[in-house]
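Colleague: I would be grateful for a close look at a single part of this model, followed by an account of its setting in the chain.

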Amino acid sequence: MKRILSILGSSGSIGQQTLKVAECCGQEVAAIAVNRSVELAEAQARKFRPRLAVAADENAAADLRVRLADTAVTVLSGQEGLLEAASMPEADTVVTAVVGVAGLRPTLAAIDCGKRIALANKETLVCAGELVMARAKETGAEIVPVDSEHSAIFQCLQGCRNRGEVRRLIITASGGPFYGERREVLSLVTKAQALKHPNWAMGPKITIDSATLMNKGLEFIEAMRLYAMPPEKIQIVVHRESIVHSLVEFEDGAILAQLGSADMCLPIQYALTWPERTPGPAKSLDLLSCPPLTFQQPDPETFRCLGLALECAKKGGTSTAILNGANEAAVALFLEDKTGFLDIPRLVEAALERVPVTDTPGLDDILDADRAAREAVLKAMR
Ligand code: MG
């Protein structure tokens, strides 16, 4: 089926791969949205001819407007621009590939319009999962995950008529570049080392999250929300080879897994074409040249970010929004060379200690918690 896409975050790693999939599978693009990458946005707009191009940054939008003056593309800016792209009538599918909690409001706007959400923004579900899923149920918006682990689980659940038959979800983790290292080694990790992921090419924020294992913690919470599973029914296993993307165990003991090469084009494409499967750009996996598949226990004590996320998963309420906001702030500081690798869990923990948790929060409580967590991180830096 041909879909008409609005891609929020088209200049990022997922956004660019979405355009590759769109080109390969003949999907139409109605809108693209970037933060500041005008050069790339111009090239994308000229190639895909969307009706709308958004740059969240006002100055960038002014620049983009000049660059696209000879085209029929409308250029908008700011949060309003993002919301317009999320809810434009001609798009039936919104790819939410904005990084961070900034993706929350546009995702909700798209859900309110009943669009299919190709969800590539895990922070949205981590912060406001219950709210987002309830809203989607009301409007009939389909949420199809792009995250490779959640896509794998989604694929394994096709044909499962009764969720009560699921015994547990098993999320695989590559372990990141520092798996097996001790804290003394982690304390010396540099930004350049942390930005080198062994298996996946991704944007800087998620690559740091993968190195601290916060990414796996966020994915654990994302899976709870997406599949309405309690934490005790979700297990994380370290799988260094990144070939098995995740698994589902059923009540009879059968385990289904989804395997493939470490190529995000496949989960992106499935989020667009589901329930159909079509040829696409993802590389085929040659089983005969695969290394032996191994599975190990994760270490949430050494990788304290994972431990903190698992605690918040159990606690619920706004604790997951505090966790996420503090992590976004701490990772930004690390990427600016203002803090060390092990300061990331230290700052997140400080925020979790300082910011009070609200149970069954509304959207405002969640956004307040996010703000308070970021402030607590800055305070803990002083
Ligand atoms: Mg993932």
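Is the crossing of α1 and α2 left-handed or right-handed?

Modeller: The crossing of α1 and α2 is left-handed. This is a predicted model, and every value below is computed from it.

Two packed helices are described by the angle between their axes and the distance between the axes. Here helix α1 covers residues 13–25 and helix α2 covers residues 38–48; the angle between them is about 10°, and their axes lie 12 Å apart. Because angles under 35 degrees count as roughly parallel, α1 is roughly parallel to α2.

On the side of α1, the contact is made by Gln16, Leu19 and Glu23, and on the side of α2 by Leu40, Gln44, Lys47 and Phe48. By character, the residues of this contact divide into 3 nonpolar, 2 polar and 2 charged. Leu19 of α1 and Leu40 and Phe48 of α2 are the nonpolar members, while Glu23 of α1 and Lys47 of α2 are the charged ones. The polar members are Gln16 of α1 and Gln44 of α2.

As for the setting, the chain holds 16 helices and 11 strands. Its radius of gyration is 20 Å, close to the 21 Å that the globule rule gives for 382 residues, so the chain is as compact as a globular protein of that length. The C-alpha trace spans about 55 × 50 × 40 Å along its principal axes. Of the 382 residues, 56% are buried. Among contacts in the chain with a separation of 6 or more, 69% are accounted for by residues 24 or more positions apart.

Two individual residues add detail elsewhere in the chain. Asp209 is found in helix α10, which comprises residues 204–212. With a relative accessible area of 2%, Asp209 is buried, because buried means under 20%. Leaving aside neighbours within four places in sequence, Asp209 is in contact with Met214, Asn215, Leu218, Asn327 and Val331.

Asn199 is found in the loop between α9 (191–194) and α10. At 25% relative accessibility, Asn199 counts as partly exposed. Not counting residues up to four places away in sequence, Asn199 touches Ser174, Arg240, Glu241, Ser242 and Ala262. As for one of these partners, Asn199 and Ser242 are 43 residues apart in sequence, and their C-alpha atoms are 6.9 Å apart in space.

How values were computed: Residues numbered from 1 in each chain as written. Predicted model: local features only at pLDDT ≥ 70, side-chain atom pairs only at ≥ 80, totals over all residues. Heavy atoms only, no water. Axes fitted to C-alpha atoms, helices over the stretch in contact; angles between N-to-C directions. Helix = DSSP H or I, 4+ residues; strand = E, 2+ residues; numbered from the N terminus. Parallel < 35°, antiparallel > 145°, perpendicular 65-115°, else oblique. Left-handed = near helix turned anticlockwise from the far one by under 90°. Contact = heavy atoms within 4.5 Å. Rg over C-alpha atoms; globule rule 2.2 N^0.38 Å. Buried < 20%, exposed > 50% of the residue type's maximum accessible area, 1.4 Å probe, protein only.
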